[in-house]
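This briefing is intended for a reader who has the sequence and the coordinates at hand. The topics are confidence, strand pairing, cores, cysteines and backbone geometry.

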Amino acid sequence: MNLFSRSCWASGCLSWAFAIAATTAAADEPPAVMFTVTVDRGADVGQGFGSLFEAASEDGALVVGAGFQDGYNTQLRGDRHALRFFVRPTDGTRSFRVEELPRPNDLTGTYLSGLDEVVRSTHGGLKAWDPAAGAWRMEPDVGGTQEVMRLGDGLLEFGDGQVRFDGRTILPPAERGKYQLFYYANGYLCFYHVERGGRGYRPFEDDADGFSKLYACPWTPWEPRVDLARASVLTLPVVGEMTFAWGRIGDQVVTGSNIGGFYVLEEGRWRMLLEPNLTVSYQLYSTLPFHGRLLMGQYPTGRLFEYDGRSIVDLAGWPPVPPGVSPSAREAQTTAVYGGELLVGVWPWGELWRQGPDSGRWEMIRRMFDHPPASDATVHPYEAESRDLPVANLWGQRITSLVTSGDSLYVSTSAKSPSEWEPERYPFLAPDRWKSYGAVYRVTTPGHLGAATAWTDGPTTFELSIQGRRMTIAQDGERLATADITGPLGDKLPGLARLKPVRWGDGLYGPFGGATLEGAVAADARASAATP
């Protein structure tokens, strides 16, 4: 049995139809608004599909939009096929509900992945969250891999030094060293080939001594296997170089190495934008396309850096350092768009930040740990208690994952790395403080909805509607997902009766990445769409 199979998936390129309409409503009722757009995404070769549309209300109080997020957080890529629909208040006034879920394991951490709107915990056994049962359920064995992505109507699987597509091996393991950290985008299967030779990091001398090589192999889903003879290969300056984050912007694929190298694949060839440096810390842990730029979470600043396809810029104050903690050794490990806003998870104090794109203001939603009290006396939590341990920052506090599903954001935590709990070694976390590490939370705020979409051959019609105080995503007449819009945001919905011009194929998810897009505004929900 294929764990991730879905009977509704069919082959071919995807076309969609969306429209916008406002119907007359009673004075005390929000208007009915429906968006319809026709999109042909073309063949799926791992590209990002970006924004479908975005529009602001005439009174300036609301922004509404939809699109596809293509983020990458610490060696796990998001679901490119999941459609996100949001409405946000431009004044940034929002409340967040945080609910702790049952633990998925007894380790001191976990990482989450999302596929087809199913959230999975990847450490301590692969488990899927069952919202109806309020419990984690163990998944069957998936052949040693936990990294998977939808590709057209097929499934691409990474792991064990090899790659499979729809159950067949397209790249076998390396004869020497190991293929690792795979990424498929823009028609290229990219990965690192590492042979450390049993030693630590050092400048490259020759292949016999050890190496790290960066591969970009042209491959499409209709080819039987990857041909390494066609690959673009770059031997990296440092033996042992690897990555925590891949990314893509337009036709470029990028990767930042753990030694500070930054490499760009453009027109089928690798080039080095930043040279690695064994004496200076510079690591990238997350990437997120955002308004046509690529945001990258960096260590040791704890800030987002911006790449526009030409140069890298440090975004000062994105996010800021909160009062009372050290500005040193901070890491923006995770990034996501939720509810039409930018969210960032920061080590070492487990901070969850949000930025309203309209105001540009940053606000810390909360620390995801309630101990110890924040302090600038040490760089990391429990550093003094760990002074006699081999690693002083072992109990730093990570937000390892920001995964959206339905109307929710799932947040996971970890120590420096997930490991077995040893109470005799760490009495300062006994009996239960250690359980903050490896916790999973469900965070919700009104105004966000996601749905897994079917890959179809030919046109398909999606309807994204806000009617009354409910937002809905439907495809070909079948409802995929729905959520209520409660509280102050629901009170502002009458403003959607009048919208400024719709920006088709543009928005916070970046420019539309498919072949063609058509959109229309209709007088009411029953009117037919027309090309703008």
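Two strands count as paired if DSSP finds at least two bridges between them. The structure described here is a predicted model. The mean pLDDT of the chain is 90, and the account below begins with how that confidence is distributed.

**Confidence**

- Of the residues in the chain, 91% reach a pLDDT of 70 or more.
- Over residues 1-28 the pLDDT is below 50. Beyond near neighbours in sequence, this stretch nevertheless has 119 contacts in the model.
- Residues 523-532 also have a pLDDT below 50, and this stretch has 19 contacts beyond near neighbours in sequence.
- Where pLDDT is low, the predicted coordinates should not be read in detail.

**Pairing around β39**

- Strands of a sheet pair through backbone hydrogen bonds, in either a parallel or an antiparallel sense.
- Strand β2 (residues 32-40) runs antiparallel to strand β39 (residues 458-467), and three bridges join the two. Within this pairing, Phe-35 has Leu-464 of β39 as its bridge partner.
- Strand β39 also pairs with strand β40 (residues 470-475), again in the antiparallel sense, over six bridges. Here Ile-466 stands opposite Met-471 of β40.
- β39 and β40 form a hairpin with two residues between the strands. In this hairpin Gly-468 takes a positive phi, near 65 degrees.

**A four-stranded open sheet**

- Four strands, in the order β9-β10-β11-β12, make up an open sheet with antiparallel pairing.
- Its edge strands are β9 (112-115) and β12 (135-138), each of which pairs on one side only.
- From one strand to the next, the twist averages 35 degrees.
- Four bridges link β9 to strand β10 (residues 118-121) in the antiparallel sense. Across this pairing, Ser-113 stands opposite Arg-120 of β10.

**Nonpolar cores**

- The largest nonpolar core has 32 residues, and those with the most contacts inside it are Phe-85 and Ile-466.
- The elements that give two or more residues to this core are β2, β3 (51-56), β4 (62-67), β7 (82-89), β38 (448-452), β39, β40 and β41 (478-484).
- Strand β2 gives the most to this core, with four residues.
- Another core, of 26 residues, lies apart from it. Among its members are Ala-336, Tyr-382, Tyr-426 and Val-443.

**Cysteines**

- How many disulfides does the model contain? The count comes to zero.
- A disulfide is a covalent bond between the sulfur atoms of two cysteines. The rule applied here requires the two sulfur atoms to be within 2.5 Å.
- For Cys-190, the closest cysteine sulfur is that of Cys-217, at 7.6 Å, which is too far for a bond. For Cys-217, the closest cysteine sulfur is in turn that of Cys-190, so this cysteine is also too far from its closest candidate for a bond.
- Cys-190 is buried, with a relative accessible area of 0%. Cys-217 is likewise buried, with a relative accessible area of 0%.

**Cis peptide bonds**

- The peptide bond joining Tyr-299 and Pro-300 is cis, with omega about 15 degrees. Pro-300 is placed in the loop between β28 (293-299) and β29 (304-307).
- A cis peptide bond also leads from Trp-347 to Pro-348, with omega near 10 degrees. Pro-348 is placed in the loop between β32 (341-347) and β33 (351-355).

**Positive phi outside glycine**

- Ala-329 has a positive phi, near 50 degrees, although it is a residue other than glycine. It lies in the loop between β30 (312-314) and β31 (331-338).
- Is Ala-329 buried or exposed? With the cut-off for burial at under 20% relative accessible area, Ala-329 counts as buried at 15% relative accessibility.
- Tyr-382 is also a residue other than glycine with a positive phi, in this case near 60 degrees. Tyr-382 is found in the loop between β34 (362-367) and β35 (398-405).
- Tyr-382 is buried, with a relative accessible area of 5%, and it is one of the residues of the 26-residue core.

Methods. Residues are numbered from 1 along each chain as its sequence is written. This is a predicted model: local features need pLDDT of at least 70, side-chain atom pairs count only at pLDDT 80 or more; totals for chains, interfaces and linings use all residues. Side-chain values use heavy atoms; hydrogens and water are left out. Buried means under 20% relative accessible area, exposed over 50%, partly exposed in between (1.4 Å probe, protein chains only). pLDDT is the predictor's confidence in each residue, from 0 to 100. Contact means heavy atoms within 4.5 Å. Axes are lines fitted to C-alpha atoms, for helices over the stretch in contact, and angles run from 0 to 180 degrees between N-to-C directions. A nonpolar core is a set of buried Ala, Val, Leu, Ile, Met, Phe, Trp, Tyr and Cys residues joined through side-chain atoms within 4.5 Å.
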